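Open the model in your viewer and keep the sequence panel beside it. We will go from stop to stop, and at each one you will find what to select and what to look for there.

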Amino acid sequence: MRELIQNFDNSNRLRQQAHRIIPGGAHTYAKGDDQYPLLSPGFIVSGYGSHVWDVDANEYIEYGMGNRAVGLGHAYAPVLQAVTSELERGCNFTRPSRIEVECASAFLETVPSAEMVKFCKNGSDATSAAIRLARAATGRDLVAICRDHPFFSTDDWFIGTTPMNAGIPDAVRNLTVGFRYNDLESARNLFKRYPGRIAALILEPSRGEDPEDRYLHKLQALCHENGALLILDEMITGFRWHSGGAQHVYDIVPDLSCFGKALGNGFAISALAGKREFMDLGGIEQTGAPRVFLLSTTHGAETHAMAAAIATMEVYRHEPVIEHLVRQGTKLRNALNQVATAHGLQNHFHVSGHPACLVYATFDAAGEPSQMFRTLFLQEIIRRGILAPSLVVSYTHSDEDIEKTIDAISEALVVYKCALDHKVETFLMGRPSEHVFRSFNARLPPHHDAPGSDVAGASVGLGTGLGIGLRTGWGADMQTDVEAGVAASIAGVTGLAGRMGQKT
Ligand SMILES: Cc1ncc(COP(=O)(O)O)c(C=O)c1O
């Protein structure tokens, strides 16, 4: 039987301090405490390849990869070497650094459908600049976002469309409208409803499903017929679908596109790329149109971030990174869906998405999407050394990582099944995780236990080592029954999972 991770003492101490001095206790909502179970690592101290270590020295195979920003693996040596040697020459000067031109050339070779590129630090910088540029180019105010895609920017034009829109004036919120993916008619209706008013449509080229019947091409034609631009947000698809982006895979030349995340293997660099006729509006040589303030920040072109991107693109050019991501992701998805079926959980746990960018869904006994079950699943895989808010692989996820992950998830699904048969609250320590985009917080801070719960006791008192800490109100007999059932299932299923891992 594997050793379960149970000690989060340092994490818990640091959490208290973090929430006192940092709103939200973290600098990215998706990494916050409310996204994770109570029994989880609060803070990571180091990462190497596909593994990370928390402040209590627990080790995990991880599948979040810095919100998908790390494609090659943590502390990937060639990227680190490029960064450190660049840093020794200084990181920010009075005039542009030579490496800005080198990085732009490398990018345009990697993404040949773009004619010009301008770098920045965050994906939101790029998407917001694309929106401003489209508005300037068309002289129009409205922008249309794909409603099936969850995130485009931290700026008001997008955050205003979410339930977490406090502080954003109605006047701004009313300038963003929506359409549906793979549904040309919904975009057509928008243009009918707002004739001559829409500057651009922005969407991800794909979130796993492919565009049907040349959808992207038809959408772009529709945009052009109506005087609008098509912007592809390749923050996730770039350097996961293909180094040239999903635009290369789907053979489309968008008017503008936005890259970030894996471009610098975790270092802060993003890019707005696109057709010269639009990008040039931000230049200092054009005289025919008003000047557009297009991406100009103090830290926008830090030299080490450029070095990280050049080194990252070099690896993609010479090594089978995409092939590796697809192979490992396919193996993981097929095996996990088989394991779920073997447990009879095919209607309750499902892995889907592009192999380089997998996600999973959790459903309750009634087949409804369930945060409680998501949180229980996270709790149980974390105990087994897997940190996976998604199932995003990197170039350094090895066959052994994948096999260990399949085994661990298979065990976790045994507990999941017990929770379906009994009651999820009995197995989950503390509150469920939450959606980031909600209008109000729950009454209790997300890092605190509910009053009267026995979470703290349960987390340390798992005598059997099965990790089934049961909550107050359970008789000893019932606990023994469930633990015995889980032990037997895990014994049977571990072998099964191992065999499945090898087959796929
Ligand atoms: C599709 C997409 N676009 C834009 C962004 C914004 O990127 P950033 O967080 O770097 O500002 C994200 C971030 O998650 C994203 O997933």
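Start with the ligand and select the shell of residues around it: four are nonpolar, nine polar and two charged. In this count Ala, Val, Leu, Ile, Met, Phe, Trp, Tyr, Cys and Pro are nonpolar, Asp, Glu, Lys and Arg are charged, and the others, Gly among them, are polar. Of the 15 residues around the ligand, Asn-122, Gly-123, Ser-124, Phe-151 and Met-235 come nearest; a residue is near a molecule or strand if its C-beta atom, placed from the backbone, lies within 6 Å of it. Which helix gives the most to this shell? Helix H5 (residues 123-138) does, with three residues.

Two notes before moving on. This is a predicted model, in which local features need pLDDT of at least 70 and side-chain atom pairs count only at pLDDT 80 or more, while totals for chains, interfaces and linings use all residues. Residues are numbered from 1 along each chain as its sequence is written.

Now zoom out to the protein chain, which has 18 helices and 13 strands. Helices (H or I, at least four residues) and strands (E, at least two) are DSSP runs, numbered from the N terminus. Of the 504 residues in the chain, 47% are buried. A residue is buried if 20 or more other C-beta atoms lie within 10 Å of its own, exposed if 12 or fewer, and partly exposed in between, with C-beta atoms placed from the backbone.

**The seven-stranded sheet**

Select the open sheet with the strand order S4-S10-S9-S8-S7-S5-S6, which has mixed pairing. Strand S4 (116-120) and S6 stand at the edges with a single partner strand each, so one side of each is left without a neighbour in the sheet. Neighbouring strands here are turned by 20 degrees against each other on average, direction ignored. Two strands pair if DSSP finds at least two bridges between them.

Colour strand S5 (residues 142-146), where four of the five residues are buried. Four bridges join S5 to strand S7 (residues 198-203), and the two run parallel; look for Leu-142, whose bridge partner in S7 is Ile-198. S5 also runs parallel to strand S6 (residues 176-179), again joined by four bridges, and Val-143 stands opposite Thr-176 there.

Next, pick strand S8 (residues 229-233) and strand S9 (residues 256-259), a parallel pair joined by three bridges. Leu-232 has Ser-257 in S9 as its bridge partner. Bring back H5, which packs on the sheet and touches S4, S5, S7, S8, S9 and strand S10 (270-274); its direction makes about 165 degrees with that of S9. Such angles run from 0 to 180 degrees between N-to-C directions, using axes fitted to C-alpha atoms, for helices over the stretch in contact. Then add helix H9 (residues 215-225), which lies across S7 and S8 and runs at about 140 degrees to S8.

**A hairpin**

Go to strand S11 (residues 349-352) and show side chains. Phe-349 and Val-351 point to one face and are buried, while His-350 and Ser-352 point to the other and are not. S11 and S12 run antiparallel, joined by four bridges, and His-350 has Ala-361 as its partner in S12. Six residues lie between the two strands of this hairpin, and in the turn Gly-353 has a positive phi of about 110 degrees.

**A covered helix**

Select helix H14 (residues 371-383). How many of its 13 residues are buried? The number is 11, among them Phe-373, Leu-376 and Ile-381. Strand S12 (359-362), strand S13 (386-387), helix H15 (399-421) and helix H16 (424-427) are included in what covers them. After H14 comes Gly-385, with a positive phi near 85 degrees.

From Ile-381, draw a distance to Glu-411: their C-alpha atoms are separated by 8.2 Å, with these positions 30 residues apart along the chain. Glu-411 is found in helix H15 and counts as buried because it has 27 C-beta neighbours inside 10 Å.

**Two alanines in loops**

Finish with Ala-57, in the loop between strand S2 (51-54) and strand S3 (59-62). Its phi is near 65 degrees, a positive value in a residue other than glycine. Ala-57 counts as exposed because it has 9 C-beta neighbours inside 10 Å. Ala-75 sits in the loop between helix H2 (65-68) and helix H3 (77-87), and has a positive phi of about 50 degrees. With 15 C-beta neighbours inside 10 Å, Ala-75 counts as partly exposed.

Conventions. Contact = placed C-beta atoms within 7 Å.
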